[in-house]
Amino acid sequence: MTKSIVMIHGMWGGSWCWDNYRAFFEQRGFRCHTPVLRHHDVSPHDAPAAALGRVSLQDYADDLERYLRKMDEPPILMGHSMGGLLAQILGARGCGKGLVLLTPASPAGINALSYTVIRSFWGILSKWGFWRTPHRISYKAAVYAMLNCLSAEQRRTEYAKLVFESGRAAAEIGFWLLDLHGAARVEAAAITCPMLVVGAAEDRITPVAVIRKVARKYAHVSTYREVAGHAHWVIGEDGWEDIAETVHRWLVENAL
């Protein structure tokens, strides 16, 4: 049974995103690792590194692969949002014993653009050159897109932790058809380990209809679970423990 979990945060995040899940799984005997993506280990009040805007998904994945290759054995990869897409990329590289994708961003080949997604990102997409500059989602957009199932106090607390993100990475996810490098491309057949995909019915930034397509892409290895009454922030909404328990049961059932 694999006892190590590497938890990969999503856009605007950091290791703090996993505080709840890390405590939950460590109490159950797992060793949890929460690496921070390039240029994300900063204060939300700090100006972003100029280089951040041009960081690619593949840069993030390469950094993480180097981290993972130093481990004694392939761990379970658990990713939230963009971290879920990075987990897919790394899974195709043979870096994981199992994959847990929580409301994951979708890979190239799946059309994820919809009204709610465009509205979530509009404040970013409407700025010329967004694809090469760092950006930080506004409070109003974050509440609509990700924090809609949190209380007003929780929304303020979580938003205050968000840092700047790469414009290039956002463009590679949302406009994969225009990306000649195919940074968001994942070869489904290259993933051979068990995969759990979790979608949330009230999610606006990674809509549940899109998450179902992600699960179908990997139907040869995936198990799909859909949770009602939850949105994108399944890592911190009230009732997150139930989702974590669902993940734990799946890990046990798959001898992970």
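## Exercises on a predicted model

The buried residues of helix 7 are covered by, among others, helix 2 (57-69) and helix 3. Keep in mind that the model is predicted. With that in view, let's work through some exercises together.

### Exercise 1: Helix 7

Task: Find which residues of helix 7 are buried, and decide whether the helix is largely enclosed or not.

Solution.
- Step 1. Go through the helix residue by residue; the buried ones are G167, A169, A170, A171, E172 and I173.
- Step 2. Compare with the length of the helix: six of its eight residues are buried, so helix 7 is largely enclosed by the rest of the structure.
- Step 3. Look at what lies over these residues; helix 2 and helix 3 are part of the cover.

### Exercise 2: The cavity beside helix 7

Task: Count the cavities of 30 Å³ or more, then describe the lining of the largest cavity by class.

Solution.
- Step 1. The count gives one cavity of 30 Å³ or more.
- Step 2. The largest cavity holds about 350 Å³ of space. Its lining has 30 residues, and those closest to the centre are M11, V117, F121, I173 and I205.
- Step 3. Ask which helices take part: helix 4 and helix 7 (167-174) each supply at least two lining residues. I173, one of the residues closest to the cavity centre, is also among the buried residues of helix 7.
- Step 4. Sort the lining by class, and you get 22 nonpolar, eight polar and no charged residues.

### Exercise 3: The largest pocket

Task: Work out which helix gives the largest share of the lining of the largest pocket, and sort that lining by class.

Solution.
- Step 1. Start with the volume of the largest pocket, about 160 Å³. Of its 14 lining residues, G123, I124, K127, H135 and R136 are closest to the centre.
- Step 2. Assign the lining to elements: helix 4 (residues 115-125) gives the largest share, with five residues.
- Step 3. By class, the pocket lining has seven nonpolar, five polar and two charged residues. Set beside this the lining of the largest cavity, which has no charged residues.

### Exercise 4: Two helices with a buried side

Task: Show how the buried residues are arranged around helix 1 and around helix 8.

Solution.
- Step 1. In helix 1 (residues 19-26), the buried residues are Y21, F24 and F25. They cover an arc of only 85° around the axis, which puts them on the same side of helix 1.
- Step 2. Recall a rule of helix geometry: an α-helix has 3.6 residues a turn, so residues three or four places apart point the same way.
- Step 3. Find the partners of that side: the buried residues of helix 1 pack against strand 1 (4-8), strand 2 (31-33), strand 3 (76-80), strand 4 and helix 9 (240-253).
- Step 4. Turn to helix 8 (residues 208-217), where V208, V210, I211, V214 and A215 are buried. Seen down the axis of helix 8, they fall within an arc of 150°, so they line one face of the helix.
- Step 5. The cover of this face includes helix 3 (82-92), strand 4 (98-102), strand 5 (195-200) and strand 6 (222-227).
- Step 6. Zoom in on V210, which is buried at 8% relative accessibility. Beyond its neighbours within four places in sequence, V210 contacts S106, I110, N111 and A112. V210 and T103 are 107 residues apart in sequence, yet their C-alpha atoms are 9.4 Å apart.

### Exercise 5: Y21 and the core

Task: Name the residues with the most contacts inside the largest nonpolar core, and list what Y21 touches.

Solution.
- Step 1. The largest nonpolar core has 88 residues, and Y21, F25, M78, L102 and L251 have the most contacts inside it. Y21 and F25 are also buried residues of helix 1.
- Step 2. Leaving out residues up to four places away in sequence, Y21 touches M7, M78, L102, V234, I235, W240, I243 and A244.

### Exercise 6: Positive phi in two loops

Task: Place W12 and S81 in the chain, and say whether each is buried or exposed.

Solution.
- Step 1. W12 is in the loop between strand 1 and helix 1; its phi is near 65°, a positive value in a residue other than glycine.
- Step 2. S81 is in the loop between strand 3 and helix 3; its phi is also positive, at about 60°, although S81 is not a glycine.
- Step 3. Buried means under 20% relative accessible area. W12, with 1%, is buried, and S81, with 12%, is buried too.

Key. Residues numbered from 1 in each chain as written. Predicted model: local features only at pLDDT ≥ 70, side-chain atom pairs only at ≥ 80, totals over all residues. Heavy atoms only, no water. 1 Å grid on protein atoms, 1.4 Å probe; cavity = no way out; pocket = protein on both sides within 12 Å on 5 of 7 lines; lining within 4 Å. Points joined across faces, edges and corners; volume = space filled by probe spheres on them. Helix = DSSP H or I, 4+ residues; strand = E, 2+ residues; numbered from the N terminus. Nonpolar A, V, L, I, M, F, W, Y, C, P; charged D, E, K, R; others polar. Buried < 20%, exposed > 50% of the residue type's maximum accessible area, 1.4 Å probe, protein only. Arc of directions from axis to C-beta. Contact = heavy atoms within 4.5 Å. Core = buried A, V, L, I, M, F, W, Y, C linked by side-chain atoms within 4.5 Å.
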